[in-house]
Every structure is written in structure tokens, then in C-alpha cells.
Amino acid sequence: MLVEEKNALTEEIELMIKKLGKKRSALLSILHGIQMKHRHVSEYAQQEIARLLDIHPVEVFSVLSFYAFLNATPKGRNLVRICRTISCDMKGKDIIVRAIERELNMKIGHTTSDNKFTVEYVNCLGLCDEGPAMAINDQVFTKLTPEKAVKLLSKVK
Amino acid sequence: METKTKKRTGPVIFSGYERGTAIEKALNINREDILLEIRESKLRGRGGAGFPTSTKWMLTAAALSDEKFIICNADEGEPGTFKDRVLLIEYPELVFDGMVIAAHTIGAQKGIIYLRGEYEYLLKPLQEYLEGMRKDNFLGKDILGKKGFYFDITVFLGSGAYVCGEETALIESLEGQRGEARNRPPYPVNTGYMGKPTIVNNVETLASIPHIIIKGSEWYKKLGTGKSSGSKLFSVSGDCDKPGVYELPWGTKISELLELVSAKNTKAVQVGGASGFCYNKTQFDKALAYEDAATGGSIMIFNESRDMLRVLNNFMEFFVDESCGQCTPCRIGNVKLLEGVKMIQKGDYTFAYINKLKELGKSMQVASKCGLGQSSPNAFLSILENFNEEIFNRENGGTNEN
Ligand SMILES: Cc1cc2nc3c(=O)[nH]c(=O)nc-3n(C[C@H](O)[C@H](O)[C@H](O)COP(=O)(O)O)c2cc1C
Ligand code: SF4
Ligand code: FES
């Protein structure tokens with residue numbers, strides 16, 4: 001990591017703390033903010049958050065590791081999450097997954113070699129009446145067919 | 001996601017409401033009378049546990065503290081539930097007016113809505129809606145001219161953990177901790193967010209309040225059954241022609257609901273999501289109500305073509321994934337139950353061992369620390385019991401491995 005990058009990250013965290021207040025209850029919102037922007041919360045970021053909130057870095061990692069949507073190592077530039085829960089399963093989530101795996105030449109749970117997509121399973125997205133459902137970053141898509149799913153991915157930058 | 005095309009109809013929540021009208025009325029009633037009205041309505045929590053709403057409110061109202069909180073539980077993580085999403089998108093006025101009325105009633109200054117991370121796309125619209133409420137003086141200082149009544153609401157985004165829907169885990173999460181359930185007592189009504197008296201209510205519970213204020217408890221109580229008053233939103237998915245959200249009076253039979261949603265050749269209905277119970281054909285005359293087939297609203301329908309072991313496998317994988325790992329019965333128990341399901345799938349099991357697993361399930365129901373581990377064996381026990389023949393008479397290896 002370059003020094004400028006480190007400084008920028010610290011500044012970002014400082015800014016968030018200024019907005020949210022220097023308190024423990026700000027931790028999850030800070031982690032979320034960093035995750036959104038950088039798609040992971042690096043070890044350096046964890047240390048800086050800990051320092052600026054005056055808590056132990058292990059505390060930060062402990063919280064980070066608890067939540068499914070936060071991660072310490074980077075993922076692909078775009079996160080694709082496919083619902084694996086039973087209502088979507090019955091509507092054919094398996095064929096959607098296979099179509100995406102073929103098209104992107106990868107296996108679910110992994111990242112494409114160009115780092116463009118990470119594709120994962122997720123538990124029920126709350127769109128069960130319109131399954132199969134998936135999320136691409138913070139957008140959701142429903143009533144997928146293999147073709148529709150692949151088309152949606154091809155539109156992603 | 002599909003946007004609503006036709007107007008929803010229903011006896012209470014979907015019956016039409018003008019923003020702010022219930023707040024206006026409530027501000028002119030004294031607090032004791034609001035509490036009595038809600039007690040008379042017999043409203044119970046819609047998040048699953050069914051705790052009497054008035055008791056929760058009375059306890060927080062009675063607690064002495066300089067600060068109190070109203071938390072709206074929008075974690076909606078139970079598989080097969082999506083009615084809270086519909087309420088937040090289409091009926092925010094009901095949910096937020098309910099929160100303002102709660103604040104007035106118990107003397108709270110701050111409200112928080114805990115929105116599940118999966119609903120991040122609702123964050124901006126909700127924040128904009130709240131901004132509109134501030135502009136129109138439904139939030140902020142001296143609300144609707146009521147001197148000294150200050151209340152504001154913020155949205156907090158979760159990060160993908162089912163257990164955070166449990167109210168004490170939710171509070172931990174809000175405080176910047178791992179979402180691990182607390183021992184209870186103390187209850188949030190005394191020692192909640194930041195150690196202060198706190199109401200945690202489900203989205204739908206809060207959305208019922210404005211209607212009760214406007215139309216009264218007598219009107220509300222006429223709907224439903226003696227022990228389950230009013231109406232309920234059901235999130236219906238699976239094998240039927242018309243899935244979606246339905247508002248029906250409590251006491252509606254499973255068979256009536258199946259007809260309404262045009263379900264054909266139904267073999268099984270899972271009531272209450274992964275943590276609920278699975279019923280077979282002989283049980284479809286059960287009533288959807290707290291005292292019979294209780295549910296937070298998730299209804300999943302399975303037709304004759306479905307493999308119930310695959311269904312059970314899916315539920316158990318969910319619990320293994322979502323157990324917070326804090327207590328042993330749940331952390332280890334769910335793994336053992338899942339292994340058992342896989343053994344049956346492979347045809348590699350003994351009845352002696354399966355019976356042991358059933359005992360384990362019953363122990364988990366009493367020994368787990370929070371509702372997750374207490375309810376996760378429900379599907380295992382009810383599917384093995386109610387679909388016994390299908391499951392144990394299958395060919396070695398089954399048909400449909402997951
Ligand atoms: C594992 C688990 C998950 C839960 N998830 C939710 C949820 O997503 N939404 C909810 O309102 N209640 C959920 N609950 C119930 C809450 O603990 C609590 O009872 C409820 O929010 C109280 O509100 P109510 O009285 O209005 O129902 C969950 C409970 C458990 C044990
Ligand atoms: S029952 Fe499960 S989810 Fe609840 S505290 Fe124990 S391990 Fe955590
Ligand atoms: S089962 Fe897939 S969104 Fe609920």
C-alpha cells in the first residue's frame with residue numbers, strides 16, 4: 001500500500017468518526033463505509049479504526065469477522081450474490097448458478113481471473129415470491145432465467 | 001424487483017391511511033389512554049415471538065430514565081419472509097407514524113430502524129422519507145406543535161447476520177459489537193440500547209398502531225380469534241400460482257390460504273420459515289394463529305413433486321451457517337442434525353441414531369441460549385415426524401441429493 005493511499009484511508013476514517021462521533025457504537029457504520037468503498041476492510045484500515053476509536057485492533061477484527069457482509073481480504077470489483085434458500089432453490093437457482101459459472105468460467109464461491117466478479121451464495125434475500133433472486137452489488141434482480149442472469153452480468157462494468 | 005401494479009387490499013394494514021393523522025390524534029390523548037387502547041386491542045408482536053405489545057410499552061413507559069429508545073426491527077431474515085420489505089417500500093407512513101406514537105407514549109427521544117444489509121437499496125428512499133417527515137414537522141422539535149415533544153429516527157444498516165434479528169443481538173450490533181444474543185433478563189424494556197429502556201418492535205407491529213389509534217381497539221379486536229386479535233401479513237412463496245404478501249385475519253386456515261393463492265397438489269406447508277414447523281395434508285385445517293399454527297408470516301408451499309429431505313437439508317444448512325456459535329447446543333447441535341439429514345440422504349443411518357438426534361433436537365429447544373437454537377430443531381423434528389413415510393421408505397440414496 002502506498003503512503004498516499006494509507007493517508008487517504010486514515011482521513012476517510014477520521015471523517016466518518018467526525019460525523020458519527022468517537023464512540024464504540026460507530027464501529028459497524030465505519031466498517032460498513034470502508035467495506036462499501038474498498039470492498040474489504042484491510043488490516044491497515046482495521047488498525048487505524050482501532051487507533052482512532054481507542055479500542056484494541058482485535059476488537060475490530062472480532063466484529064468484522066462476525067458479519068457475513070464484511071471481509072478482511074479483497075473480493076472482485078463486483079459482488080454477485082445468488083439466493084440459495086429453498087423458495088429460490090425450487091424455482092431453479094441451480095441452473096442460474098451453472099449458467100453463470102459457465103459464462104464467467106469460474107466456480108461459485110470464487111473470483112474471476114480478471115478480478116471483475118466474485119460470485120457467492122447468500123441466504124434468503126427477502127424476494128422469495130419472485131425467485132430465483134440475486135444481488136449484484138447493492139441492486140437486486142428477480143425472476144431470473146439463465147439468459148437473463150448472464151445478460152445482467154454482461155452489463156456490469 | 002417488481003413494482004406494485006395493483007392496489008393492495010386488506011382489513012387493517014392495507015385498508016388505507018393518511019400520513020400523520022394517527023400522530024395528530026395520539027398527541028391529543030393522554031399516554032395512559034393510549035396504553036389502555038393498545039392493551040384493549042390485544043395486539044401482539046408480529047416478529048415471531050408474539051409478546052403483548054402493550055406490556056412492552058407499559059414497562060418502558062414506567063421505567064425511569066433520562067433517555068429511552070424505540071427500535072424498529074427490520075432485520076427480516078427469516079427465510080420466506082418479505083412483508084416488512086413491502087411495508088417499508090409501500091407503507092412507510094404506517095411504520096414511522098407508529099414509531100412516533102410509541103415515542104410520545106413512552107417518552108422516547110430517539111428511534112432507530114435496524115435495516116438488514118440485504119435491503120441496502122432501501123436505505124436512501126427511507127432516509128429521504130424521513131427527511132420529508134422532518135420538513136413537515138412529524139419529526140424533530142415540538143412535533144405538530146406539541147411543546148417539548150422531540151423525536152427523530154435514524155436508519156442503521158445491518159451486515160448480513162440472521163441472528164441480529166433477535167432483539168438483544170440486534171442491540172449488541174447497534175452498539176458496535178458482534179451480534180451475539182444476551183442473557184435475558186434483563187430485558188430491553190429496562191436495559192436496552194446503551195443500557196437504557198428500549199422498545200424493540202417488528203415493522204408490522206408498529207404499522208398496526210396507527211390503525212388502532214384511528215379506529216379503536218373494539219374495531220380491531222373484532223378481527224381474528226380470541227387469543228390472536230387483528231390481522232396478519234403473510235409472505236407466501238413456493239409452489240402456487242399467486243405468491244406474494246396477503247393480509248388476512250388471524251385464524252385463517254392453512255387450507256383457505258392455499259386456495260386463495262391457487263396452490264395445487266400441495267404436499268407440505270412450512271409455516272414460520274426455517275425456524276417454523278412443516279405440516280402435511282392432514283394438518284391443513286390448522287388455523288394460522290398464535291394458539292395454533294403460529295408464525296411471523298412466512299408460508300412456504302411444497303407440491304407433490306418436492307423432496308422433503310432436500311427441503312430439510314436446505315433449512316439445516318441455513319442454521320449451521322447462521323448460528324452465532326456462542327453456545328454449544330446450537331453450535332454443535334445444528335451441525336449434528338445436518339449430518340443426520342445427509343446420512344438419511346445417503347441411506348447410511350440407523351433408526352437408533354436418528355432417535356438420538358431427535359432427542360438432541362429436543363435438548364436444543366430447551367438448552368440453547370437464544371431463539372435461534374431453540375427453534376432450529378423445529379423443522380427437523382416436524383419434517384421427520386410428518387413426512388416419516390416419504391423419508392424413511394425412500395430408495396437407498398434418495399432421489400435428489402443436495
Ligand atoms: C434468530 C432470531 C431472529 C429474529 N429475527 C427477527 C426479525 O428479523 N424481525 C423481527 O421483528 N423479529 C425477529 N426476531 C424476534 C425478536 O427477537 C423480537 O422478539 C421482536 O423483534 C420483537 O418485536 P415484536 O414484539 O413487535 O414482534 C428474531 C428472533 C430470533 C431468535
Ligand atoms: S442459540 Fe445459537 S445463535 Fe443463539 S446464542 Fe446460542 S449459538 Fe448463538
Ligand atoms: S428464498 Fe430466495 S429470496 Fe427468499
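## Working through a predicted model

The side chain of Asp307(B) gets to within 2.9 Å of the backbone nitrogen of Leu309(B). That comes from a predicted model, and the exercises below start from this spot.

**Exercise 1.** Find where Asp307(B) lies, and decide whether Asp307(B) is buried or exposed.

*Solution.* Start with the chain. Asp307(B) lies in the loop between β9 (298-303) and α11 (308-322) of chain B. Next, take the relative accessible area, which is 8% for Asp307(B). Buried means under 20%, so Asp307(B) counts as buried. Last, add the contact: the side chain of this loop residue reaches the backbone nitrogen of Leu309(B) at 2.9 Å.

**Exercise 2.** Stay with helix α11 of chain B and work out which residue of chain A forms a salt bridge with Arg310(B).

*Solution.* The partner is Asp89(A), and the closest N and O atoms are 2.8 Å apart. Now place both ends: Arg310(B) sits in helix α11 of chain B, while Asp89(A) belongs to helix α5 (residues 86-90) of chain A, so to speak a pair that crosses between chains. Then check the cover. Arg310(B) has a relative accessible area of 11%, and Asp89(A) has 7%. With the cut-off for buried at under 20%, Arg310(B) is buried, and Asp89(A) is buried too.

**Exercise 3.** Take two salt bridges within chain B, Arg182(B) with Glu175(B) and Asp241(B) with Lys264(B), and describe how exposed the partners are.

*Solution.* Begin with Arg182(B) and Glu175(B), whose closest N and O atoms are 3.0 Å apart. Arg182(B) has a relative accessible area of 21% and is partly exposed. Glu175(B), at 14%, is buried.

Move on to Asp241(B) and Lys264(B), where the N to O distance is 2.5 Å. Asp241(B) lies in the loop between β5 (231-238) and β6 (244-249) of chain B, and Lys264(B) in the loop between α10 (254-260) and β7 (266-271) of chain B, so this salt bridge ties together parts that are 23 residues apart in sequence. Both Asp241(B) and Lys264(B) are exposed.

For a wider view, salt bridges with shared partners also link Arg46(B), Lys83(B), Asp84(B), Glu204(B) and Lys232(B) into one network. Over all chains, a search of the whole structure finds 38 salt bridges.

**Exercise 4.** Describe the shell of residues around ligand 1, then pick out polar contacts.

*Solution.* Count to begin with: 19 residues surround ligand 1, and the closest are Gly47(B), Glu76(B), Asn201(B), Asn202(B) and Thr205(B). Sort the shell by type and you get four nonpolar, nine polar and six charged residues. Then ask where they come from. β4 (198-202) and α14 (371-375) of chain B each supply at least two residues, and β4(B) gives the largest share, three residues.

Now for the contacts. An oxygen atom of ligand 1 is 2.7 Å from a polar backbone atom of Gly47(B). With Asn73(B), an N or O atom in the side chain is 2.9 Å from an oxygen atom of ligand 1. With Gly77(B), a backbone N or O atom lies 3.5 Å from an oxygen atom of ligand 1. Finish with the cover: ligand 1 taken alone exposes 610 Å², and the protein buries 89% of that.

**Exercise 5.** State how chain A is divided into domains and how many Å separate their centres.

*Solution.* Domain 1 of chain A covers 3-66, and domain 2 covers 78-156. Taken over C-alpha atoms, the centres of these domains are 30 Å apart.

Technical notes:
Residues numbered from 1 in each chain as written. Chains lettered and ligands numbered in written order. Predicted model: local features only at pLDDT ≥ 70, side-chain atom pairs only at ≥ 80, totals over all residues. Heavy atoms only, no water. Near = heavy atom within 4 Å. Polar contact = N/O pair within 3.5 Å; in protein donor to acceptor, adjacent residues only side chain to side chain. Areas by Shrake-Rupley, 256 points an atom, 1.4 Å probe, with all protein chains shown as cover. Helix = DSSP H or I, 4+ residues; strand = E, 2+ residues; numbered from the N terminus. Nonpolar A, V, L, I, M, F, W, Y, C, P; charged D, E, K, R; others polar. Buried < 20%, exposed > 50% of the residue type's maximum accessible area, 1.4 Å probe, protein only. Salt bridge = Lys/Arg side-chain N within 4 Å of Asp/Glu carboxyl O. Domains from an automatic or database assignment.
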